[in-house]
Structures are given as structure tokens and as C-alpha cells.
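Morning, everyone. Let me put one model on the screen. I'll talk through cysteines, a pocket and a loop.

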Amino acid sequence: MFGRIAAVVLGSMLLGIGINGFLVPHHLLDGGIIGLALILHYYFDFQAGLWSALLSVPLILYAWVKDRPQFHGSVYGMIVTAIFIDIFAPIQFTLPIWASAILGGVICGIGVGMMLRYKTSTGGTDLIAYFITQKRPINIGLLIVLMDVCIVGLGYQVLGLQSVMFSSITILTAGVCANICYEGF
């Protein structure tokens, strides 16, 4: 129980720092629900954390029906992540875009992988990936990357080619790091 709580808090903090510190300054995207929330943030100036939680509600409800232990970890993870994303919004680092893309991906991927390892999540598409990998022998990191690439493709209209290219680097890095943390070293 302590490990799960620590994974939620530490993983959520890492996501808040990775997103705000490295992605937001260059209008880069993470994938999944947080990526959709970032598109709304960039386009309408909505709070990314709040919108990531609101967009995750259908997935959380699905978890309630299919896997109650995963539901509890996901609902807490979703709430704590949303809070840390919005609390850490003022934190932004001034680095070149390529360094921000890589570091943001590493930090976010470690946060997501840590949470998944302790059967919790942010309630986003990583929850979908978790449920699929419980039924099919698919690499969870690869699955997260595929879903995230689709989300980044949606951001092209709002953010342009440079942002999409560097966001893709972020997502690939995050997927590798999430997989390493989830499956172990």
C-alpha cells in the first residue's frame, strides 16, 4: 500500500515537472489524455491538469466496471496528477527544444512507468494500454507510443510541424522509459 501511494505521488510529481518544465515552454505534447489537455491548453488557455482529469472520466468509469483495484489506483493517480500538473504550471526551464523534448520524455516516461508498475495510472491512455496488455501479449510501452503518436497527429493543426516532430521524440523517449520502469531493468 505504501509503495502504491509513493508511486502515485512521485509519478505525478514527475509528470507535473516534465510537462510544465520541459514541454510547455516549447509547446510540445505528451501523448494520450494529457496530450489532448495540452492541445486545449495551447489553443484555449485551459488548465491542462483539470482538463486531463475531465477527459479521463470515461476511462475511469470503465475501470470501475472492469477492474476495481485498478480503478482505485487510477482515480487517485488521475486526481493527484491533475493537481501536480496545475500546481507546477509556473515551473518552466529554458533549454533548447531538442533537450526539452528528450528530458521531458524521460521524466514523464519514468513517472508513467512507475505508476503502472504499482497498478495505478493517470487515468489516461496508459489505462487503456494496461487493460489491453492484460488480455494480449503486447509490449505496454509500444502500445502507449502508438496511441500517443495518434494524439500528437491531432496537434499538427494547432502546433505545426516542428512541435509535432519534437513531440514525437518526447513520446518515443517516454514510451521506452515507461516500459523500462514497468517491466524492470
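Disulfides: there are 0 in this structure, which is a predicted model. Take Cys108. Cys108 is in no disulfide, and the nearest cysteine sulfur is that of Cys177, 10 Å away. The cut-off for a pair of sulfurs is 2.5 Å, so 10 Å does not count. Cys108 is also buried, at 2% relative accessible area.

Now Cys181. Again the nearest cysteine sulfur belongs to Cys177, this time 6.7 Å away, and Cys181 is in no disulfide. Buried or exposed, then, for Cys181? Buried, because its relative accessible area is 14% and the limit is under 20%.

On to the largest pocket. Its volume is about 180 Å³. Two elements give two or more residues each to the lining: α1, residues 2–23, and α4, residues 68–87. Which of the elements gives the most? That is α1, with 4 residues. The full lining reads Met1, Arg4, Ile5, Val8, Val9, His72, Gly73, Tyr76 and Thr120. By class, that is 5 nonpolar, 3 polar and 1 charged.

Last stop, Thr122. Thr122 sits in the loop that joins α5, 97–117, to α6, 125–135. It is a loop residue, yet Thr122 is buried, with 8% relative accessible area. What does Thr122 touch, beyond its neighbours within four places in sequence? The contacts are Leu15, Ser56, Ser74, Gly77, Met78, Thr81 and Met115.

That's my tour. Over to you.

Definitions and conventions: Residues numbered from 1 in each chain as written. Predicted model: local features only at pLDDT ≥ 70, side-chain atom pairs only at ≥ 80, totals over all residues. Heavy atoms only, no water. Buried < 20%, exposed > 50% of the residue type's maximum accessible area, 1.4 Å probe, protein only. Contact = heavy atoms within 4.5 Å. 1 Å grid on protein atoms, 1.4 Å probe; cavity = no way out; pocket = protein on both sides within 12 Å on 5 of 7 lines; lining within 4 Å. Points joined across faces, edges and corners; volume = space filled by probe spheres on them. Nonpolar A, V, L, I, M, F, W, Y, C, P; charged D, E, K, R; others polar.
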